[in-house]
Amino acid sequence: MTSTLSRPTPAPAPVPPTPTPPAPAADPWHWAVTGASLLAVLAAATSLDGVLEPWTWLLPVVRTLVPVLLAMALTRALRLNAVLAPLAGVLALVGTLTAQFFPRQSILGVVPGPGTSLQLQRLLAQAEETVVSQVAPVLPGPGIFLITCAALGLIAIIVDLFAVTMRMPAASGLGLLTVMVAPAIVKPNGVGMFAFLATVVAYLLLLAVAQWRKNRLASGGARASSGFAGRSMIIGAAALAVTVVLPLFVPGFNSGAFPQGARLNVWGTATGLNPAVTLGNDLRNPTGFGRIAYSTNSDTPLYLRAVTLEDFSGRRWEPEQRNGDREQGVTEIGDELGAPVIPPEAQTVFTRVTTQSYASPWLLAPYSPVGVSNVRGTWAWDPANLSILATDGGSTARQRYLVESRSAELTRDGLGAIRPSDPDAVPEIFTQLPDDTPDIVRTTAEEIAGEFVNPYDKAMAIQNFLRGPDFTYSVEAPVDGGYDGSGLDVMARFLESKSGYCVHYAGTMAVMARAAGIPSRVAIGYTPGSPTGNTEEGPEGTELREFVVDSRNAHAWPELYFEGVGWVQFEPTPSRGVVPTYAQQAFAPVGPRADDTDSLNPGGLPDVTGQSGSTAEGSDAADDAGANGPSDEARPVDGLLAVTGIALLAFLPFLARTARTRSRRRAVAGTDVSAGTDGAATAAWAETTEIAGDYGYPLQPTDTPRTFAGRLARDAALAAEPATSLARLRTAYEHEEYSDYGPESRTGESTGAQPPVIFVRPMAAPHWADVDAVTRALRHRSSWSARLKARLFPQSLLNRFRDNPRR
């Protein structure tokens, strides 16, 4: 009996258990990115110094940003839905703003309650009044702080949303740029170099931390690097190059680097309740804008006055509207308080003003007006200073009106005979000095004018002091020195530095005059401008000669009170305006100052008409010295910056190529031989093929590793060590790319019917020394022009190595 042996049925292979989907990886590193976002927004906010009083914004902004970003980070720590992070940020922003600015109207301190909307309207109104009545840097009140904190809070939410939630940290730079837009426009010298560099560094830190977080997540928390530091350096170099080169090609920029020192000229004609707000910016604009034409029959140069400043208290001076004291209607304007009645025989001056685009609620008129006709809107005049203000929300834009004015003829002898005025002759506002007036103001006034008795000698001594050789006219020095604007502290800084423009000269003379016992105020308007040669017929058959002014003629000057005469104009600002004939006489102090004689009209003789060539406004020499001097001095620096920027742009391809090489070198150097060569050989071969392409031996689309290596060795005449290195690189790449070897391979023997597992001996990891050997050989056999092209303009940036698609 024959038995049949059957092959035993193998036991079924055990079915591996179905793996449980892994839980989402923990992400504690988002805290670092949120922290970097906070630093980036605060760094960008440093550009607000100069728009607001320095560092006044810091504490309320920190109180706003920290709770907002903390709320967003907590939602991620609790692994809530990603949509809830920005929502939590907005709720935290509302809560912190309520706690800071609406505590009395809140519920539980953080929830807006009844009355919040009304208080919000009040704060916004305060902010608007601050904007239109102060010059930067403004003294921020609750309204300005509210707007600043709300805006920065929203920007912080956007920055954190891009950097953490959406993992697009580069896009967060748009939020930081938004913070710097307003300072770049408002501040004459841009955002400031410190703020710009701080923002750039903080932005690069944000990019680096975000990339570090990404690598940590990708590697499960292990140490990983993808060369983000090198990429950050490239981004920083590109940004710096753009800041230097951009102003050379974009119309509308001033000289300098954007945004530091190169801002768009967006200033229009002086508007708002305080014409002094844009006065400094008007003077710093070299092109001029806001053309105003006027025709007059005046025999002397005519100043157009808009308003006066008489309240010298507070950190910022602004005009008083005094709406309750104004007289409605300007067809007939009465007498000024404290001023004598002008006799009918005084010369009547007719002035026809065409404002064109000049828009202001204050009406331009020569001093002192007695009537205005043909003006549209509702206007009222102030008996305290004869300023004319629109009371119906109107403005001077597109107006053509006629002003009739009268003024008494003034002489040096007549003014010199006037004794000190009675303290009650004018309202107290024109004589007051705050208790905190800086000592330098009082002591300087005493030193200059203390020995004189009559007000004229005191006034001339002060004017002569300010027009002396120790003072220089500059529209840039106050900005660079941080004392631009008005206020007693500003005038004290001006007396120390002895450099500024008309606001500083006029304000300082007015303050020193009060310290010497003379009532004073500061007038704001325009200097006489330039004649056009055109004439037109005026009232009563008079001939009116036409003049034009623009923003470059914006000016401030002091007016001092003399009893029995009224308010008298002086001109302490050198190279600007016209010195009146009664103030042109050389002044020789008596006593210890007998030998200290300075001409009030340096470089020219007094002219009885007040139109001497050295003092007449509009002379080319004076305008060039005042407006164009700083830019001429800056031209060599601008040229150096331009060359530097172009050089940086030229080196960007080199920097990018170098960063890629370093990243591959780290990948090869960090290879663990015992774990295989996965990725290292490809990185080394990619670098070799790209370097060869840079030196004129490109990899063709149809090339295999062997055909390319053979052609490169032949065409480049590689021999000995370079040829051997090339062969090792090619072999390692082929083994990694085409073999079945992988880190997961196993070794073993055949068991039963199971085929044996093939044992593959791991290939030695490639060495970067082989890449260097091939590179040196290619460089050695190339001409200097080919070497320069390969380094500065590498073709591999455009034709990058592409790995086998099957991988």
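This tour moves through the structure in a series of selections, stating at each stop what is found there.

**Before selecting anything**

The model is predicted: local features require a pLDDT of at least 70, side-chain atom pairs count only at pLDDT 80 or more, and totals for chains, interfaces and linings use all residues. Residues are numbered from 1 along each chain as its sequence is written, and side-chain values use heavy atoms, with hydrogens and water left out.

**The whole protein**

Colour the model by pLDDT, the predictor's confidence in each residue, from 0 to 100. The protein averages 78, and 73% of the residues score at least 70. Residues 18-24 have a pLDDT below 50, and this stretch has one contact in the model beyond near neighbours in sequence; contact means heavy atoms within 4.5 Å. In residues 589-635 the pLDDT is also below 50, with 76 contacts in the model beyond near neighbours in sequence.

Next, display the secondary structure, which comes to 21 helices and 17 strands. Helices (H or I, at least four residues) and strands (E, at least two) are DSSP runs, numbered from the N terminus. Of the 807 residues in the protein, 48% are buried, where buried means under 20% relative accessible area, exposed over 50% and partly exposed in between (1.4 Å probe, protein chains only). Among contacts with a separation of 6 or more, 74% join residues 24 or more positions apart.

**Helices 1 and 5**

Select residues 30-45, helix 1. Its 16 residues should span 22 Å at 1.5 Å a residue, and the end C-alpha atoms are 23 Å apart, which agrees; the expected span is 1.5 Å times one less than the number of residues. In helix 1, 12 of the 16 residues are buried, so this helix is largely enclosed by the rest of the structure. The buried residues include His30, Val33, Leu38 and Val41. To see what covers them, add helix 2 (58-77), helix 5, helix 6 (173-186) and helix 7 (193-218), which are included in the cover.

Now isolate helix 5 (residues 142-165). Its 24 residues should span 34 Å at 1.5 Å a residue, and the distance of 33 Å between its end C-alpha atoms agrees. Arg167, which follows helix 5, has a positive phi, near 55 degrees.

**The four-stranded sheet**

Show strands 4, 13, 16 and 17, which form an open sheet in the order 4-13-16-17 with antiparallel pairing. Strand 4 (304-309) and strand 17 (566-569) stand at the edges with a single partner strand each, so one side of each has no neighbour in the sheet. From one strand to the next, the twist averages 35 degrees. Two strands pair if DSSP finds at least two bridges between them; strand 4 and strand 13 (residues 520-526) run antiparallel and are joined by five. Label Thr308 and its bridge partner in strand 13, Ala523.

Helix 15 (residues 502-515) lies across strand 13 and strand 16 (554-562), at about 15 degrees to strand 16. Axes are lines fitted to C-alpha atoms, for helices over the stretch in contact, and angles run from 0 to 180 degrees between N-to-C directions.

**The nonpolar cores**

A nonpolar core is a set of buried Ala, Val, Leu, Ile, Met, Phe, Trp, Tyr and Cys residues joined through side-chain atoms within 4.5 Å. In the largest core, of 77 residues, Val372, Phe562 and Phe570 touch the most other members. Helix 15 contributes the largest share of this core, nine residues. Another core lies apart from it, with 49 residues, among them Val41, Leu65, Ala71 and Leu152.

Centre the view on Val372. Beyond residues up to four places away in sequence, its contacts include Val330, Ile388, Tyr401 and Val403.

**Strands 6, 7 and 10**

Strand 6 (residues 348-354) runs antiparallel to strand 10 (residues 400-406), joined by seven bridges. Thr351 has Val403 as its bridge partner in strand 10. Strand 7 (residues 369-373) also pairs with strand 10 in the antiparallel sense, over four bridges, and Gly371 is partnered there by Glu404.

**Last stop: Leu488**

Select Leu488, in helix 14 (residues 488-497). Its relative accessible area is 6%, and Leu488 is therefore buried. Trp317 is 171 residues away along the chain, yet the C-alpha atoms of the two are separated by 9.0 Å. Leaving aside neighbours within four places in sequence, Leu488 is in contact with Phe312, Trp317, Pro434, Thr437, Pro438 and Val511.
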